Amino acid sequence: MGNHTKTIKVTINGQERILEVGGQENLLDALRRYRYFSVKRGCDTGDCGVCTILLEGKPVRSCMIPAFEVDGKAITTVEGLEKDGELHPLQGAFMETGAIQCGFCTPSLILTAKALLDENPNPSEEEIRRAMRGVLCRCTGYVRVVEAVQRAAAVLRGEEPPEIEIPEIIFTGEEDLVLPEEYTRPANDRQPLPPLVCTPQGMEGLDVVGKPQEKVDAAKLAQGKAVFTDDLHLPGMLYGALLTSPHAHARILDIDTTKAKELPGVHAVLTHRDLPRIKYASGGQSYPQPPPFDQVCLDTKVRHVGDRVAVVAAETPEIAERALHLIDVEYDVLPPVLDPLEAMKEGAPVIHDEEDTEDIYDRQRNLVHHIDEQVGDVEKAFQEADHVFEGEYRTPKQQQAHLESHVCITYWDEDERMVIRTSTQVPFHIRRLVAPLIGLPEKR
C-alpha cells in the first residue's frame with residue numbers, strides 16, 4: 001500500500017466497514033485485500049470489466065477507481081446478493097440456463113444484470129446485450145447470459161419462467177439438413193445462434209448429453225465462492241516478479257542484483273548464475289516432448305522482448321516490483337530477426353547458437369524441425385484434377401484470450417512449506433510471468 005494510508009468508512013453488502021487503504025491503491029486491490037475475492041482481476045486497464053462492482057447501485061470498474069474516493073459510499077459485490085441463505089433470482093437463473101461456464105466473469109455479469117433490472121424490469125434483448133457488453137465473457141457467447149437475464153426478469157416480475165429446452169432435429173444423413181427458421185439468418189448477421197442438438201435417425205435417446213444440465217460447481221460460481229488460484233493467499237507466502245528483456249536479441253554480459261537483495265522484504269533474487277542449466281523443450285507439447293530441448297529457466301541470452309532475465313521473491317507484490325527496478329543489467333544487443341522467411345536466409349542472425357542444444361534441424365537457418373510428408377501420388381492427383389489452385393497461405397498464432405490471470409503457487413522446502421506465488425495478467429498486458437522458482441539460495 002505504501003507509506004501513505006487513509007481510513008475510509010464504506011458500506012459493503014449492507015455492512016459498515018472501516019478500511020485502511022493506500023493513497024495510490026485502487027478499489028479492486030483494496031477489496032481483494034479485504035478478501036472480497038468475487039471481484040476478479042483481469043486487465044487492470046478498465047477494458048475487460050471482470051472487476052465490476054455496484055457503487056451506489058451503478059456498475060463500475062473497480063480497477064479504475066482510487067480506493068479513497070469511495071469513502072461514505074455503498075458497495076455491492078456478488079457475495080451480498082444472497083439473502084437468508086436464498087440465492088438472488090439472477091444467481092439461480094445463471095445456474096439453470098447454463099450461463100456459467102468457467103465462472104471468472106460471472107460475478108460481474110450478474111451485478112451488471114442486477115443494475116439493469118433495478119432500472120428496467122422488462123428489458124428487451126437488445127437492451128440486455130447493450131448493458132452486458134461492458135463485461136467480456138469468452139466462454140458463453142452471451143446466448144445463455146441473455147436468456148438468464150430474461151429468466152430472472154420474469155421471476156422478479158412475479159411471472160412463471162418458461163421451461164429450459166434445447167431444440168433437437170433428427171437427420172438421416174441421406175438428405176439435406178433442414179434447419180429450423182430461427183437457425184437461418186441473412187448474410188452479415190453476426191448475432192450468435194442458440195444451442196441446437198442434431199441427432200442421427202435411429203439413435204437412442206441419451207439421459208445427459210444434449211440435455212440441459214446444471215454445472216456441479218454452478219452455485220459456488222454464482223456466489224463468487226469459486227477459488228481461483230489468484231484467490232489463494234496463504235500465511236507466509238512470498239510473491240514472485242519477473243525482470244524481462246527490453247531487447248529482442250541480446251547477450252547478458254552482467255547482472256548486478258546487490259541493491260535489489262538489500263531491499264527490505266526481498267528474500268531472493270535469482271539470475272542464470274543461481275539456477276542449474278536444465279534444458280527443456282519450448283514447444284509446449286505433452287510428454288514425451290519432441291526435441292530440441294532449447295530452453296532453460298534463466299539464460300545468458302534473451303531471444304525476444306519480454307524474455308526472462310531475473311526473478312524476485314518478496315513479501316508483497318509491491319516490494320517485488322520495486323526490487324525489479326533495482327536490478328542493473330548490461331546487455332550486448334544483437335541484430336534481431338523478425339520475419340520467418342528472413343530468418344531462413346543465409347547470413348541471418350542465429351538465434352540458438354549455444355553449444356548445449358542438440359537436434360536443431362538447421363541451426364544456421366533457424367529451422368528447428370523439418371517435416372516431409374507425402375501421401376499417395378501427388379503429381380498424378382494433380383494431373384487428374386479438374387482444377388489445381390496454388391497459393392501461399394499464412395495464419396497467425398491463435399490465443400484463446402482467457403480473462404483469468406495465469407497464476408502459479410508452488411512450495412519450497414517441504415519442512416517450512418514456504419509458498420511462492422507468481423502470476424501473469426492476461427490478455428491485455430503482462431506484469432508478472434509464471435515461472436518455476438527453484439533453487440532459492442536462502443530460507444526465510
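**Exercise 1.** In this predicted model, determine the strand order of the open five-stranded sheet and explain why β2 and β4 each have one side without a neighbour.

*Solution.* Step 1: the five strands of the open sheet follow the order β2-β1-β5-β3-β4, and their pairing is mixed. Step 2: β2 (15–22) and β4 (58–61) occupy the edges, and each has a single partner strand, so one side of each lacks a neighbour in the sheet. Step 3: on average, and ignoring direction, neighbouring strands of this sheet are turned by 45° against each other.

**Exercise 2.** Characterise the pairing of β3 with β5, and state which strands helix α3 touches.

*Solution.* Step 1: strand β3 (residues 52–55) and strand β5 (residues 74–76) run antiparallel and are joined by two bridges. Step 2: L55 lies opposite I75 in β5. Step 3: helix α3 (residues 106–119) packs on the sheet and touches β3, β4 and β5; the direction of α3 makes about 35° with that of β3.

**Exercise 3.** Describe the largest nonpolar core and identify the element that gives the most to it.

*Solution.* Step 1: the largest nonpolar core has 37 residues, and those with the most contacts inside it are L90, F94, C105, L109, I110 and V149. Step 2: two or more residues each come from α2 (89–97), α3, α4 (125–132), α5 (143–156) and α6 (218–222). Step 3: α3 gives the most, with seven residues. Step 4: leaving aside neighbours within four places in sequence, F94 is in contact with A99, I100, T106, L109, I110, V145, A148 and V149. Step 5: a second, separate core has 20 residues, among them A241, V266, V302 and V312.

Key:
Residues are numbered from 1 along each chain as its sequence is written. This is a predicted model: local features need pLDDT of at least 70, side-chain atom pairs count only at pLDDT 80 or more; totals for chains, interfaces and linings use all residues. Side-chain values use heavy atoms; hydrogens and water are left out. Two strands pair if DSSP finds at least two bridges between them. Helices (H or I, at least four residues) and strands (E, at least two) are DSSP runs, numbered from the N terminus. Axes are lines fitted to C-alpha atoms, for helices over the stretch in contact, and angles run from 0 to 180 degrees between N-to-C directions. Contact means heavy atoms within 4.5 Å. A nonpolar core is a set of buried Ala, Val, Leu, Ile, Met, Phe, Trp, Tyr and Cys residues joined through side-chain atoms within 4.5 Å. Buried means under 20% relative accessible area, exposed over 50%, partly exposed in between (1.4 Å probe, protein chains only).
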